[in-house]
Structure formats: structure tokens, C-alpha cells
Amino acid sequence: RTTSGAEPESARARGARSERGERREGERGAAAIRCVAYNNHSNRLAVSRTDGTVEIYNLSANYFQEKFFPGHESRATEALCWAEGQRLFSAGLNGEIIEYDLQALKIKYAMDAFGGPIWSMAASPSGSQLLIGCEDGSVKLFQITPDKIQFERNFDRQKSRILSLSWHPSGTHIAAGSIDYISVFDVKSGSAVRKMIVDRQYMGVSKRKCIVWGVAFLSDGTIISVDSAGKVQFWDSATGTLVKSHLIANADVQSIAVANQEDSFVVGTAEGTVFHFQLVPVTSNSSEKQWVRTKPFQHHTHDVRTVAHSPTSLISGGTDTHLVIRPLMEKLEVKNYDAALRKITFPHVSFHSQPLQRVSLPRLECNGSILDPENIICSCISPCGSWIAYSTASRFFLYRLNYEHDNISLKRVSKMPAFLRSALQILFSEDSTKLFVASNQGTLHIVQLSGGSFKHLHAFQPQSGTVEAMCLLAVSPDGNWLAASGTSAGVHLHCTVPAYNFPVTAMAIAPNTNNLVIAHSDQQVFEYSIPDKHYTDWSRTVQKHGFHHLWLQRDTPITHISFHPKRPMHILLHDAYMFCIIDKSLPLPNDKTLLYNPFPPTNESDVVQRRTAHAFKISKIYKPLLFMDLLDERTLVAVERPLDDIIAQLPPPIKKKKFGT
């Protein structure tokens with residue numbers, strides 16, 4: 001990010017291109033966060049990243065990432081907002097407005113706004129209108145209809161691009177931030193009724209340009225702006241005069257979000273700092289109030305590109321890929337674990353769901369030409385190593401791998417049926433003869449594989465009137481049972497597992513017993529007997545006894561479950577920061593028991609005592625842990641992604657002058 005007032009579109013476009021170019025093939029790591037949008041009605045947070053991916057977090061379900069939409073290399077999202085309660089829109093530099101289908105987990109439609117690159121977007125307070133700010137200086141108003149959006153009219157065109165927008169809570173006026181000035185528009189007429197020139201002075205030196213990165217329109221007519229001169233400024237929209245100015249950074253202040261009660265707001269800077277402002281009385285007995293900068297937070301190493309303000313927390317994201325949720329202690333009625341700071345870096349969903357198998361093949365490097373400009377939604381390799389499958393948002397790919405006499409070849413299976421497109425999850429059977437595909441329409445397809453061909457065997461249709469996308473699949477080792485879980489909290493087999501209030505994060509079917517082990521976002525783990533159609537005795541004991549309080553206080557969900565082939569009483573599972581073996585033959589720990597001992601054993605008796613103390617054996621050696629599973633009876637494979645490696649590939653942060661240097 002440049003701080004010299006250079007053209008914003010070139011700086012951002014170069015940043016987006018460099019971030020994509022620096023990520024090596026096969027590298028797993030989240031892209032930078034560009035936008036966040038908080039939905040107060042559903043307590044959900046939408047997050048868009050620089051690769052075009054959009055994620056949705058359920059803050060009521062332990063901050064779990066319950067949905068995601070894959071990106072595309074041609075989409076650079078610059079704005080994200082909720083409208084009409086549960087409708088989500090985005091816009092970006094390709095000039096398109098996109099609405100997302102939150103049930104089928106796909107793009108509902110995309111339409112050109114005919115104003116060039118879109119820099120800003122905001123929904124009206126009623127949620128019935130959508131406003132966008134474009135590269136050509138136009139502000140366009142759209143009416144939100146039940147099925148799509150419909151263009152209504154243009155506002156008075158301005159001389160420079162519209163970089164930020166905000167509605168007055170009454171819906172009668174809007175504020176628009178541009179380069180060097182802020183405009184106020186009358187919504188009914190579309191005319192500009194006020195223009196406020198922003199001071200270019202920065203640390204006593206006049207800058208070439210001052211970019212207004214964000215604006216917020218308050219009920220009393222005050223407009224708060226943040227700009228590239230490092231200032232937070234308060235304006236009287238009725239007179240167009242500057243009321244107060246705060247210089248808070250030596251670099252750009254890039255984002256702003258205001259609480260619904262308008263008693264506090266949060267801003268993010270290019271230095272990685274988040275500042276909290278609160279409206280407080282001038283004196284203890286005074287009814288007059290003033291805005292005061294109360295708390296600075298430094299939880300980011302790079303630019304804070306976007307912020308949001310929920311009723312109980314401050315939310316920020318930026319170039320360092322971290323989504324940071326900092327609770328406001330004064331807003332929390334109960335000081336429980338929800339009061340802890342949360343930093344989310346990696347996805348909560350697994351894109352590769354097949355258990356590991358040892359395959360005796362040389363390293364295969366595929367030409368990048370087989371890859372699609374769309375991001376991959378899910379992928380899978382068959383246990384025999386002869387099939388590779390993956391899906392994008394619009395296409396499904398299946399490859400046959402042949403290895404004979406030290407010669408290796410990869411052949412794509414052609415003429416894949418159209419109904420396999422947009423698969424959200426794919427899974428091979430243990431004998432590699434069947435492929436299970438979950439579509440975004442809620443249908444589960446079973447495909448038989450033979451030689452280099454395929455045959456569609458069956459399709460399980462969703463219940464009448466429902467179109468819930470299935471995001472998780474689990475197949476029994478004998479191939480007789482298939483479990484599927486959607487975006488809600490339910491799990492479906494030949495029957496439906498009893499409903500639970502929190503989403504499913506991982507599940508697997510145990511060999512021999514066909515018991516389904518399910519992990520939920522609140523850290524509860526259930527074991528359900530598929531043949532008997534009820535919870536197992538061990539699961540009932542766990543629910544009666546309860547999990548250890550430290551287990552329930554973990555803030556990252558379980559993302560993978562597996563089993564040891566020779567130890568039927570063991571359940572293997574992991575999240576991003578721990579690997580755990582649950583031994584069902586041992587007693588459960590109570591809250592007074594040491595759940596995890598960070599110190600190495602001192603002698604042989606200590607080793608034996610730890611093994612038999614309680615059911616939970618936890619290791620925190622590998623982190624962040626993206627995947628872990630058994631390769632064979634004695635070999636465990638761990639895939640970790642050190643955060644230092646991700647930070648090292650980012651552009652250098654803004655250099656800060658320290659005292660004495």
C-alpha cells in the first residue's frame with residue numbers, strides 16, 4: 001500500500017497480483033482479507049479475500065466458518081454488504097455486482113453495473129436498496145427485488161472515483177468519499193447538496209492527494225471520515241464544516257465501522273493498529289458528550305484493510321490474513337470464554353477429505369494448464385492412487401493415473417455429466433471402485449469407476465422443498481453406509497441423526513462397528529451407532545459426565561477424525577493446534593484432572609501413569625496443523641503450515657520509527 005497519495009487502483013491491483021504470484025503451487029495458506037461485513041440480525045460475519053473467496057462465520061456457533069464460496073482469479077472484491085436480512089452482495093474491480101445463494105453455496109447471479117471498477121457499496125438502512133460507487137465517479141442506486149436487483153437511477157456524477165459510501169440512518173441522504181473531498185447526496189433527487197474539501201496537510205507537509213478511504217454517516221448529521229493522511233475527522237453535514245480532527249497514524253487510515261447504537265466506532269490503519277473511539281460525557285455530571293480515542297490494539301503485522309463492529313466485539317482483517325475478533329469486556333454480561341481474543345487464520349473446512357494411503361509412485365508434476373482460473377472447491381485422490389478428482393465452481397474434473405514400466409501418464413476422463421458440476425465434497429470408497437459426489441443442490445451422486453470409464457449408479461435426492469448443500473461426507477470402510485452433513489446442524493444417513501444446535505465440523509465412520517463419530521463447533525463429540533440407530537453407550541456416558549472445561553474452551557474446531565485399524569477403542573482427531581487420541585476404554589477426565597501436561601515425562605512410571613490416567617492423549621507439537629492421519633498402523637503423517645512462513649511471503653510492513661533510532 002502506498003501512503004504518498006498515489007492512484008489507489010494501481011496500488012491495490014499490483015498488491016492483488018503480487019499476492020497471487022508469490023504463492024507457490026501446492027502451497028496452502030489463506031489469502032489476505034479485503035472486506036468484512038457483519039449481519040446484526042443473524043450474528044454472522046461475511047469475509048472476502050483477495051483471491052475472490054468469500055467466507056461466512058457463525059459467531060453464535062463458536063465463531064465457526066460454516067460456509068464458503070470459492071474465488072476466481074478475475075474477481076477482485078472491493079466491497080461486501082448484507083441486505084434484506086439474509087442476502088449477501090459483493091462488488092469489485094471487474095465492475096460486476098454479485099449476489100450469493102446461501103443455501104446452494106453458489107453465485108446466484110452477476111451483473112455489470114456499467115460504471116467501470118466498483119470501489120464501494122452500501123445497503124440502505126431498510127435493506128431494500130443498494131448503492132455502489134464506481135471508477136467513473138458515478139453513484140448508482142439499485143432496487144432490491146425478490147429475485148434480483150434492478151437499476152433505479154444515477155446520482156450526480158463526480159470528478160473522481162467513489163471510494164467509500166455511507167447511508168444516513170433515515171435513508172434520506174448519503175455520504176460519498178472520493179479523492180480530496182466528501183460529497184453529500186439527497187437520495188430522492190440524486191443531487192449533490194454538499195461538498196467538503198479534505199485537508200491535504202500531513203505532518204505539516206501538503207500531500208499531492210488525500211484519499212478518503214471510509215465514511216460513516218451518523219443520525220445527528222455528523223460524518224466521520226478516515227483518509228490517507230492518517231486522520232479521523234468529524235464533519236457537520238448541514239454546514240459542510242470540519243468540527244474536529246484526530247491525527248492517529250503516520251500512514252493511511254483505511255477503514256471504519258460504527259456500532260448500531262452510535263456510541264463507539266473502530267478504525268484500522270496501514271500500520272497494523274486498530275483504534276477504538278467512544279462517545280463519553282465531557283464531565284462526570286454532564287449530559288454533553290464527546291468522541292474520545294480510548295483503546296489502541298496491535299494484533300496485526302500488516303495493513304488493517306477492513307473492520308466491523310458487532311454489539312460485543314471489534315473485528316478486523318487485513319494483509320496478514322488474520323481475522324481478529326476482540327471482545328469488548330464492558331459489553332459482555334458474563335465473563336466466560338467468549339471474552340477471549342480470537343485470531344482465525346486457516347479455513348475451518350477441509351478441502352481434501354480422503355484418508356491417506358501409501359502409494360508407490362514417483363513424484364508427479366502436472367502442467368498448470370490443466371488448472372482452471374476458478375479456485376478449487378474440493379479435491380480427492382483414490383486410496384489405490386489411480387484416480388484424481390477435483391471440482392471448481394462450474395466444472396468437475398476426473399483424471400486416471402497410469403504407471404507402467406517406470407512410465408507415468410495422466411489422462412482426463414471426458415464427457416463428465418453436467419449434474420456433477422459444482423461439487424462441494426467428493427469421496428472415494430475404500431476399494432476405489434466408487435466415487436461419492438455431493439452437489440450444491442443437495443443431491444448425493446454415486447459413480448462407479450472401472451478401467452478408464454465411469455457409470456452413474458444412483459442419486460439420493462434432498463427432501464421435498466429443501467435445497468441444502470451438503471458440505472461433509474463420510475463413507476464406511478465396507479462401502480455400505482454414507483453419511484452427509486449440510487450447512488445446518490443435521491447429519492443424514494438412511495435415517496436422520498438427532499438434531500443438534502451447533503454445526504458439524506468433522507465426521508467419520510469407524511471400521512467394524514459402523515459407528516459414526518461427529519464433532520460439532522461447540523467442541524462436543526458424539527458417537528452414533530448406524531445399525532442400531534441410536535447413540536452408543538460411550539457417547540451417552542460422555543454427555544452425562546461432560547467434557548473437561550479446557551476441552552470445551554478451545555477456540556478452533558475439530559477438522560478431521562480417523563481411526564486406528566488395530567485399536568478399535570481409539571478415536572483420532574485434530575484441530576489447528578492439537579492432535580488428540582481418545583481412548584474409550586479409559587475413564588473421562590474431570591475438571592480437577594490435568595487434561596494436558598506440557599512437560600515431558602521424567603521416568604518410565606510417569607509414562608505409564610500418563611497413558612492410563614484418562615481417555616484424552618493430547619499433543620501440541622505440530623501447529624498450525626492443517627491435516628493429520630495414519631498412513632499405516634505405525635506411521636502418522638502431519639501437515640503443518642508455520643505462520644512465520646506465511647508472514648515471510650507478505651510484502652514488508654510499513655516501517656515505524658522507534659524511539660532512539
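**Rings, strands and salt bridges**

Tyr500, Phe502, Phe526, Tyr528 and Tyr535 form one aromatic cluster. This is a predicted model, in which local features need pLDDT of at least 70 and side-chain atom pairs count only at pLDDT 80 or more, while totals for chains, interfaces and linings use all residues. Residues are numbered from 1 along each chain as its sequence is written, and side-chain values use heavy atoms, leaving out hydrogens and water.

User: How many aromatic pairs are there?

Analyst: Rings of Phe, Tyr and Trp (its six-membered ring) pair if their centres lie within 6.5 Å; planes under 30 degrees apart count as stacked, over 60 as edge-to-face and the rest as tilted. By this rule, the count of aromatic pairs is 16.

User: Is the pair of phenylalanine 155 and phenylalanine 185 stacked, edge-to-face or tilted?

Analyst: Let's look at the rings of these two residues. Their centres are 5.7 Å apart. Because the planes of phenylalanine 155 and phenylalanine 185 meet at 40°, the pair is tilted.

User: How many residues apart in sequence are the parts that phenylalanine 155 and phenylalanine 185 tie together?

Analyst: Phenylalanine 155 sits in the loop between strand E12 (149-154) and strand E13 (164-167), where a strand is a DSSP run (E, at least two residues; helices are H or I, at least four) numbered from the N terminus. Phenylalanine 185 belongs to strand E15 (residues 181-186), so the separation in sequence is 30 residues.

User: Is phenylalanine 185 buried or exposed?

Analyst: Buried means under 20% relative accessible area, exposed over 50%, and partly exposed in between (1.4 Å probe, protein chains only). Phenylalanine 155 is at 4%, so this ring counts as buried. Phenylalanine 185 has a relative accessibility of 0%, so this residue counts as buried.

User: What is the centre to centre distance between tyrosine 390 and tyrosine 399?

Analyst: Tyrosine 390 is buried at 6% relative accessibility, and tyrosine 399 is buried at 6%. The two tyrosines form a stacked aromatic pair, with 10° between the planes and a centre to centre distance of 6.3 Å.

User: Which residue stands opposite tyrosine 528?

Analyst: Start with the open sheet of 4 strands in the order E42-E43-E44-E45, which has antiparallel pairing; two strands pair if DSSP finds at least two bridges between them. Strand E44 (residues 525-529) is joined to E45 by 2 bridges. Across from tyrosine 528, in E45, stands tyrosine 535.

User: Which residue in E37 stands opposite leucine 435?

Analyst: Another open sheet has 4 strands in the antiparallel order E35-E36-E37-E38. Here strand E36 (residues 434-439) and strand E37 (residues 444-450) pair over 5 bridges. Opposite leucine 435, in E37, is valine 447.

User: How many residues apart are arginine 44 and glutamate 66?

Analyst: The structure holds 12 salt bridges, each a side-chain nitrogen of Lys or Arg within 4 Å of a carboxyl oxygen of Asp or Glu. Arginine 44 and glutamate 66 form one of them, with their closest N and O atoms 2.4 Å apart. Arginine 44 is in strand E2 (residues 44-49) and glutamate 66 in strand E4 (residues 64-69), a separation of 22 residues.

User: What is the relative accessible area of arginine 157?

Analyst: Arginine 157 meets aspartate 136 in a salt bridge, at 3.4 Å from N to O. Aspartate 136 is partly exposed at 27%. Arginine 157 is exposed, with a relative accessible area of 56%.

User: Is arginine 641 buried or exposed?

Analyst: The side chain of arginine 641 forms a salt bridge with aspartate 645 (3.9 Å, N to O). Aspartate 645, at 38% relative accessibility, is partly exposed. Arginine 641 is at 10%, so this residue counts as buried.
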